[in-house]
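Reader: I would like a close look at one part of this model rather than a tour of the whole. Please choose a place where pieces of the chain come together, go through it residue by residue, and then set it in its surroundings.

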Amino acid sequence: MSVCVQIRTKTIPEPETILNHLVEKGERIMVTSNEYPTVKFGNYQEAIRGVEVNKVEYGLEVRICSFSSTEDYQLFAKTVNALMELTGGRAYLEDDEEITDPLKTFDKEWIQAQQNANFNIVYTISSGNGQTVVMYGLFCKFCLGPKFLSSFDIQPGHKFRQKDVKNLLAYLCKMQWYCANLTDTGMNMVIQSPAGGDDRGLTVSAIMIKNGEVADFDYISEASLFGIFNLDDENSAPAVIPFQQAWKILPGKAFTPLDELQYRRTAELTVEDVHEMMRCARHLQPDDLHYKPTYPGSGFDSAQHTFILMWNPDTSEVILEDHSASIENMFTEYFRMSIWQHDKAKCGDRFYVVRAGEGKTGIVMSGVFDSQPYESEELDDLGQHVYYMDMHPNVILDPESAPMVTTEELHRAIPSFDWTGGHSGRMLSQQEAQKLETVWSKFLHCNREFIDIKTFNVNKYVTFH
C-alpha cells in the first residue's frame, strides 16, 4: 500500500538539485539512490522507508510506502512541495485529484489516518492467518508477524493501542539505522524451480564456513531459504531449509531477534556451532524446496500422506487446558507430536489430531508436518526410540465449546479406521484420506461464522485461499 503523487512537468531537475533544495529547507537527508529512474532518501535517524522520486513518462512521481514513519510522511509532503517549486508543474494524486498545497493536504490528521490504515491491514493479515509481511526499509527489510507484534503487546483478537503502534514504529526506525552499516547474510543466489514458468525462484540467506572460519556477518537477513554451506568440504552437502524454520537451529547464545524472521549476531559463532546447526537443520529440509503443501480443508493433494494423531488429555502430558491455551497462540506456539508410522511420513504430509478418551471426542487440530521425522532419546513401552515431527497447524479448536467433527461422524464416514484409540501417527489410505478431506472441508466452510480465535482458530489464508 503506497501513496503516489504525480508531478506533471517537462522540467526534470537533477537529483542533486532536488536534494540540495530540501537540505536548504532544513532537512537532514540520507540518500540510498541518487540517480534516476529512482531517487530514494530519508531524514537522518528518522526514516523507516524514506521517500522515492521516480522519473516517469509524464514527468516525476513522488511515492511513499506503508509503514513509514511520521517523519517520512512529512518529508513526502515537503518533497512534493519542493518539486512543484522547482519545476512549476502541477501535482495530482493517483485518482487525478489536484494538490495545490501539499503541506496542508498531507497534514498531521492525514498522516495518522494513513498509519492507522496501514497497520490495520498488517494486523488483519497477521492475526487472521499468521502470515508475515516483509517490507523494504531505507537500509534493510523488516518482517511483521504475530510473534513480533506480540512483543509490542499487539495480540490477535485483542484491540491494539495507539501507544503500542507508536512504540512499534519507533523500533522499526531504530532498526533501520542500526542495520545501516552492518553486513547481512543475503546472497546473490536464486534457486529456480525445475518446472520453470513464472516462478521467480527462491532467494537464499546463508551462513558459510570458508578457510576454516565462519564468514563474517552481523545479522541474518530474510530470504525464501536459510542455508548453511561448508565451502571447505566439497563432500559436505549444504543444509537448506525454509527461512521460517531458521529459529529452530540458531543457538540462543549467539543471536537475538531483530523482528519476526531476522536475527542479529550478538556473540562469537564458532565453526563447531555452525556444524551443529547444519546437523540440526537436516530434519527440517523438505524433499522438494519448491513444493507448497495443501492444508487440510483446502483440497486434496495426492502427493501428501495423511496421518491421524491420537490425543487423550487424561493420559497425555498435554492436558485440556494446555490445548485450549494453544488456540489463541496458534501462530506463535511450537507444536510437535510423536508418530508411529514415521517410516512412511515426510515433511509436507498432513495430520489430524483426534481427541480420544472421555468427554467430547473428534478432530481438534489439523495441519501439515514441517519437519522430517526425527529420533528422540525417549523410549516407548517396547524399548524403541520414539520419533517426533514438527507441526504447522491450520486449525485448532476447543472440543468443549466449539463445533467439531465428532468421533461418531468419523466412524460413519470412514468405518475402516479405528477412531477411538490405537497408536498415534497411523497413516490413512489415500481413499480414506480423500474422504476425510471432503468431510473436513465441508465442516470448515459450514462453520466459518464460529471462528473466534479464542475457541476456534483457523489460518484462513491456507485454508480458504
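Author: **Helix H2 and its partners**

Of the contacts in the protein with a separation of 6 or more, 64% are made by residues 24 or more positions apart, where contact means heavy atoms within 4.5 Å. The model is a predicted one, in which local features need pLDDT of at least 70 and side-chain atom pairs count only at pLDDT 80 or more, while totals for chains, interfaces and linings use all residues. Residues are numbered from 1 along each chain as its sequence is written, and side-chain values use heavy atoms, with hydrogens and water left out.

As a frame for the close view, the C-alpha trace spans about 80 × 55 × 40 Å along its principal axes. The protein has eleven helices and 25 strands, each being a DSSP run (H or I of at least four residues for helices, E of at least two for strands) numbered from the N terminus. Of its 465 residues, 50% count as buried, that is, under 20% relative accessible area, with exposed meaning over 50% and partly exposed the range in between (1.4 Å probe, protein chains only).

The part chosen here is helix H2, residues 70–87, beginning with its packing against helix H4, residues 108–129. Their axes come within 10 Å and cross at roughly 125°; such axes are lines fitted to C-alpha atoms over the stretch in contact, and the angles run from 0 to 180 degrees between N-to-C directions. On the H2 side the touching residues are Thr-70, Tyr-73, Gln-74 and Phe-76, and on the H4 side they are Trp-110, Ile-111, Gln-114, Gln-115 and Asn-118. By class, this contact holds four nonpolar and five polar residues, with no charged ones (nonpolar being Ala, Val, Leu, Ile, Met, Phe, Trp, Tyr, Cys and Pro, charged being Asp, Glu, Lys and Arg, and polar the others, Gly among them).

One of these residues, Gln-114, can be followed further: it sits in helix H4 and, with a relative accessible area of 16%, it is buried. Once its neighbours within four places in sequence are left aside, Gln-114 is in contact with Val-3 and Tyr-73, and that tyrosine belongs to the H2 side of the packing just described.

Helix H2 also packs against helix H1, residues 15–24, at an angle of about 115°, and here the axes are 10 Å apart. From H1 the contact takes Thr-17, Ile-18, His-21 and Leu-22, whereas H2 supplies Leu-75, Lys-78, Thr-79, Ala-82, Leu-83, Glu-85 and Leu-86. The make-up of the contact between H1 and H2 is six nonpolar, three polar and two charged residues.

Just ahead of H2 lies Phe-67, in the loop between strand S5 (59–65) and H2. The phi angle of Phe-67 is near 60°, a positive value in a residue other than glycine, and the residue counts as buried because its relative accessibility is 3%.

From H4 the packing can be traced onward to helix H6, residues 162–179, which meets H4 at an angle of about 90°, with the axes 12 Å apart. Gln-112, Gln-115, Asn-116 and Phe-119 of H4 touch Gln-162, Val-165, Leu-168 and Leu-169 of H6, so that Gln-115 takes part in this contact as well as in that with H2. The contact of H4 with H6 is made up of four nonpolar and four polar residues and no charged ones.

Some other places along the chain give the setting for this region. A cis peptide bond, with omega of about 20°, joins Tyr-36 and Pro-37, and Pro-37 is in the loop between strand S2 (29–35) and strand S3 (38–43). Ile-453, in the loop between helix H10 (430–446) and strand S25 (456–458), has a positive phi near 75°, although it is not glycine, and at a relative accessible area of 16% it is buried.

In the loop between strand S20 (350–355) and strand S21 (362–369) is Gly-357, which counts as partly exposed at 42% relative accessibility. The C-alpha atoms of Gly-357 and Gly-421 are separated by 8.0 Å, although the two residues are 64 residues apart along the chain. Glu-377, in strand S22 (residues 374–379), is exposed, with a relative accessible area of 78%; between Glu-377 and Glu-409 the C-alpha distance is 37 Å, with 32 residues separating them in sequence.
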